[in-house]
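Please walk through this protein from its charged pairs to its sheet and then outward to its surface. The paragraphs below follow that route.

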Amino acid sequence: MRVLVIVLLAINALFFIWSKGWLDTVSGLPAHAGREPQRLAAEQHPERIQPLAASAVAALSRRNCLELGPLDGDTALAAAQTVLRAMGAESQTRSSEQAGEWVVATIRLADPDFRARKEATYKQMRLPFELLEGMPAENPTFVMSRHASEAEAAAQLEAFGKRGLKGLRVLALKPAQSRHTLVIQADGLLANRLKASKDPALAAGFKACAAAPAASAASAG
């Protein structure tokens, strides 16, 4: 009997030590294996959850098609796409090529008398001309003709030369470049965030889509 009592005491003592987790590393049987306190710490707090207002639910369910543009050049396109992705908006790109503009113009007519003589000559030859705008460093300068390509402008310059006109040159007013429009499908909340953004990359502004984007005319942004 004495041996049995000693064995029971030893078993109870061993169980007590195991239940405290003191033998976890030795026995390989963790005492608290069924408990996961880290999950409890990660639980959501239902008392903090607030139901969405009816207006927010309506905004989430409302789909909006927005157009951003025009964006002139690939640099402006890439900047806008980066901002849109950061805001969680996916976009499609519509692109078109915009012709540049070159002019045949006079040299800078800084001397008033020289400018007056040029005006008199052009009027006598019945040649149309106008003051160059948008390039203050070149003013005053007369524009003699406008062209969609540098080659056309060079050909006209040669033609003027054959008529005895001197002091003319070809000026590039605007290089040819791609023009882009981004099409975004968004719920009401995202659409409001996009329209409220002050990011310079979105300065072209948003407007409602004129028509549904044709698959053949759009590429993934």
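**Salt bridges, sheet and surface**

In this predicted model, Arg146 and Glu130 form a salt bridge in which the closest N and O atoms are 3.3 Å apart. The two residues belong to distant parts of the chain, with Arg146 in strand S5 (residues 142–147) and Glu130 in strand S4 (residues 130–131), 16 residues apart. Salt bridges that share partners extend this pairing, joining Glu101, Glu130 and Arg146 into one network. As for their surroundings, Arg146 is partly exposed, with a relative accessible area of 40%, and Glu130 is likewise partly exposed, with a value of 38%.

Strands S4 and S5 also meet in an open sheet of four strands, which has the order S4-S5-S3-S6 and antiparallel pairing. In this sheet S4 and strand S6 (168–174) stand at the edges, and because each has a single partner strand, one side of each is left without a neighbour in the sheet. Strands of a sheet pair through backbone hydrogen bonds, in either a parallel or an antiparallel sense. Here strand S3 (residues 101–106) and S5 are paired in the antiparallel sense over four bridges, and Ala105 stands opposite Val143 in S5.

The salt bridges of the model come to six in number, and two further ones involve strand S1. In one of them, Glu67 is bridged to Arg94, the closest N and O atoms being 3.2 Å apart. Glu67 lies in strand S1 (residues 63–72) and Arg94 in strand S2 (residues 91–98), so this pair ties together parts that are 27 residues apart in sequence. Glu67 counts as buried because its relative accessibility of 7% falls under the 20% limit, whereas Arg94 is partly exposed, with a relative accessible area of 23%.

The other salt bridge of strand S1 joins Arg179 and Asp72, with the closest N and O atoms 2.7 Å apart. This pair again links distant parts of the chain, since Arg179 is placed in strand S7 (residues 177–187) and Asp72 in strand S1, 107 residues apart. Both partners are partly exposed, Arg179 at 30% relative accessibility and Asp72 with a relative accessible area of 36%.

Turning to the surface, one finds a nonpolar patch formed by Met1, Val3, Leu4, Val5, Val7, Leu8, Leu9 and Ile11, which together have about 820 Å² of accessible area. One of these residues, Val5, lies in helix H1 (residues 2–19) and is partly exposed, with a relative accessible area of 42%.

Taken as a whole, the protein has eight helices and nine strands, and of its 221 residues 26% count as buried. Its exposed area is about 14,900 Å², of which carbon and sulfur atoms supply 58%. Among contacts between residues at least 6 apart in sequence, 78% join residues at least 24 apart.

How far the coordinates can be relied on remains to be considered. The pLDDT of the protein averages 83, and 75% of the residues score at least 70. Over residues 212–221, however, the pLDDT is below 50, although this stretch has 18 contacts in the model beyond near neighbours in sequence. Where pLDDT is low, the predicted coordinates should not be read in detail.

Notes. Residues are numbered from 1 along each chain as its sequence is written. This is a predicted model: local features need pLDDT of at least 70, side-chain atom pairs count only at pLDDT 80 or more; totals for chains, interfaces and linings use all residues. Side-chain values use heavy atoms; hydrogens and water are left out. Patches are made of residues with over 30% relative accessible area and no salt bridge: like charges are joined within 9 Å, nonpolar side chains (Val, Leu, Ile, Met, Phe, Trp, Tyr) within 5 Å. Accessible areas come from the Shrake-Rupley method with a 1.4 Å probe; for residues, only the protein chains shown count as cover. A salt bridge is a side-chain nitrogen of Lys or Arg within 4 Å of a carboxyl oxygen of Asp or Glu. Buried means under 20% relative accessible area, exposed over 50%, partly exposed in between (1.4 Å probe, protein chains only). pLDDT is the predictor's confidence in each residue, from 0 to 100. Contact means heavy atoms within 4.5 Å. Two strands pair if DSSP finds at least two bridges between them.
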